[in-house]
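Okay, thanks for coming, everyone. Let's get the model up on the screen, and then I'll walk you through a few parts of it.

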Amino acid sequence: MAEAAKPVVLPSDGIAAPLRFAVFRRIWLASLLSNLGLMIQSVGAAWAMTQMTASADKVALVQTALMLPIMLISMPAGAVADMYDRRVVSLASLVLSLVGACVLTMLDWTGHITPNILLAFCFIIGSGMALFGPAWQSSVGEQVPPEVLPSAVALNGISYNIARSFGPAIGGIVVATAGAVAAFAANAVLYIPLLVVLFLWRRKVDVSRLPRERLSRAIVSGVRYIANSPSIKIVLTRTLITGICGGSVSALMPLVARDLLHGGAQTYGIMLGAFGMGAVIGAMNIGHVRKHLSGESSIRACALIMGVAIAVVAVSSEPAITAAALVVAGSVWMLAVALFNIGVQLSAPRWVAGRSLAAFQAAIAGGIAIGSWGWGHLTDMVGVEAALLVSGGAMFLSPLFGLFLRMPPTGARDEDAETLADPEVQLQLTARSGPLVVEIEYRVDQENARAFHGVMQDVQLSRQRNGAYGWSIARDIADPELWTERYHCPTWLDFLRQRNRSTQSERALYQRAADYHLGPDPVRVRRMLERPFGSVRWKDDTPDRAATEVLPVATPAGSSG
């Protein structure tokens, strides 16, 4: 039985609205502890590395080892989240990180740790969290209703930034009093609450009547969906640009504390805390911003304000002014990232939600990584102040991309449509029979030809992102009213998947195209098997007979392909 979401009464329906739902509330609180543990572990690992080696490169590689898995396995992790039970995937990934943290603790306790071993286990822990991310984020929509999903996304951002604000300070205290081994042990312990609440969550699982895709095909399907989704491509591109322009803040923060403020580790910690607290403030106001500004206006305002804030950090030599600027920068940074995240979540249907969010993670992590590398090299050439001024200028000018990459409007999630019955079949088919060719004939008044052709361009993107190949639209030169839409799917099973991946808005789009059809007869649909002899693997003595059973379902047959 699925666990019912029973809301408790809270005084406000703002950012706290998702916390009315018991499942989300428990998972959110447990994830806060998990994020806190990861921050403590990062401090412990960096300190342990400084005790083992004087190499700055090795110390810097600790953060790389924790974050690199996001770049390397984000898309496979998203595919796994879509193919399997997201609760089980989350549990497995947390167990991987927990095992890595426990072994690292034991190795440090027994004195068998080396720089390379430390980096290897940081990579293992980071891999577990990279696998956990898409499954966790894509399951948020199952924990709360669609109307509070944006607030839930913002709350998850708040969870991470609360941990980032206080985790390093707590980690420093833990390391100072009990050593790095205590930080590793604390991280391991703080995974346990999240494991428990996920284990107790009785997630409703919709079992597909079709076998799941292979991992490689699932990754390709995800890439195809994103490539044929203009709204998601725009959001990911703007995310990458924002990450590159704003990556200077986190990358150059130690140098800001040392060279511009002439402080030490304490100053560095205060500046990190200021940025993190700003991020919490920004996340708490996401609902207010979305209510009063469009997506493009919000991103534009965030970029302009952050550009100015980075410039203030560059020219300031007073810790109080720099901290205030970082609070502002953290606030608008979190707002922008949360808006990008919401844009992806509400644009992707459930079947590809994990892969879309994995692409978002790769975009933001890749942008920060590329930006950090670039701003670091620029700093070597011109200094910290000049590099930050260039970064602030780039961020200030980044809204110009909105002239041709305008943020799409975001509303409620486009829900999946009802499953269609399989079409009539008189050939004996297997799951691997194919390629399958689909031809749909429309008879359209010549006065509506241009409008019909415009609708069919949207139909093309819909078909292709759901799995169709070789799409075309043709017009009969002898009968100008006759139009033929044509596409193919590699196998019969791929066709069944493509046919039932469409959302409610896509079904409405197909109906718009069908509404142009003239005459008393309905739109004619042909589904044909190319190379039928080789496709169904006939032998010489195999009779040409009809199928007796082809994946039947008890729903009305549709005509959308």
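So, start with the hairpin that joins E2 to E3 through six residues. When I say helix or strand, I mean DSSP runs numbered from the N terminus, with H or I of at least four residues for helices and E of at least two for strands. E2 and strand E3, residues 482-489, pair in the antiparallel sense over five bridges. Pairing here takes at least two bridges found by DSSP between the two strands. One of those partnerships is alanine 474 with threonine 484 in E3.

Before I go on, this is a predicted model: local features need pLDDT of at least 70, side-chain atom pairs count only at pLDDT 80 or more, and totals for chains, interfaces and linings use all residues. Residues are numbered from 1 along each chain as its sequence is written, and side-chain values use heavy atoms, with hydrogens and water left out.

Back to the strands. E3 also runs antiparallel to E1, and eight bridges join them. Have a look at histidine 488 in E3: it is the bridge partner of valine 437, and it is the bridge partner of tyrosine 469 too. Put together, that gives an open sheet of four strands in the order E2-E3-E1-E4, with antiparallel pairing. Which strands stand at the edges? They are E2 (469-475) and E4 (524-529), and each has a single partner strand, so one side of each is left without a neighbour in the sheet. From one strand to the next, the twist averages 15°. Angles run from 0 to 180 degrees between N-to-C directions, and axes are lines fitted to C-alpha atoms, for helices over the stretch in contact.

What lies across the sheet? Helix H17, residues 449-465, lies across E1 (436-443), E2 and E3, and runs at about 170° to E2.

E3 is mostly covered, with six of its eight residues buried. Buried means under 20% relative accessible area, exposed means over 50%, and partly exposed is in between, using a 1.4 Å probe and protein chains only. Helix H18, residues 492-500, is largely enclosed by the rest of the structure, because eight of its nine residues are buried. Those buried ones include Trp492, Asp494, Phe495 and Arg497. And what covers them? The cover includes helix H8 (215-227), helix H19 (504-515), H17, E1, E3 and E4.

Zooming out for a second: the protein has 20 helices and four strands. Of its 561 residues, 51% count as buried. If you take contacts (heavy atoms within 4.5 Å), residues 24 or more positions apart account for 84% of those with a separation of 6 or more.

Now some helix pairs. Two packed helices are described by the angle between their axes and the distance between the axes. Take H9 (residues 230-246) and H14 (residues 319-347): their axes come within 9 Å and cross at roughly 160°. H9 and H14 are therefore roughly antiparallel to each other; the classes are under 35 degrees for roughly parallel, over 145 for roughly antiparallel, 65 to 115 for roughly perpendicular, and oblique for the rest. On the H9 side, the residues in contact include Ile232, Val235 and Leu236, and on the H14 side they include Trp333 and Phe340. By class, that contact has six nonpolar, six polar and one charged residues. For the classes, Ala, Val, Leu, Ile, Met, Phe, Trp, Tyr, Cys and Pro count as nonpolar, Asp, Glu, Lys and Arg as charged, and the others, Gly among them, as polar.

The other pair is H4 (residues 115-138) with H15 (residues 353-382), packed at an angle of about 125° with axes 8 Å apart. H4 and H15 are therefore oblique to each other. Ala130, Gly133 and Pro134 are among the H4 residues that meet H15, where the partners include Leu357 and Gln361. This contact divides into five nonpolar, five polar and no charged residues.

Let's finish with two single residues. Serine 127 lies in H4. Is serine 127 buried or exposed? Buried, with a relative accessible area of 14%. Leaving aside neighbours within four places in sequence, serine 127 is in contact with Pro69, Ile73 and Leu96.

Leucine 403 sits in the loop between helix H16 (384-397) and E1, and leucine 403 is exposed, with a relative accessible area of 72%. Leucine 403 and glutamate 296 are 107 residues apart in sequence, yet 9.8 Å apart in space, C-alpha to C-alpha.
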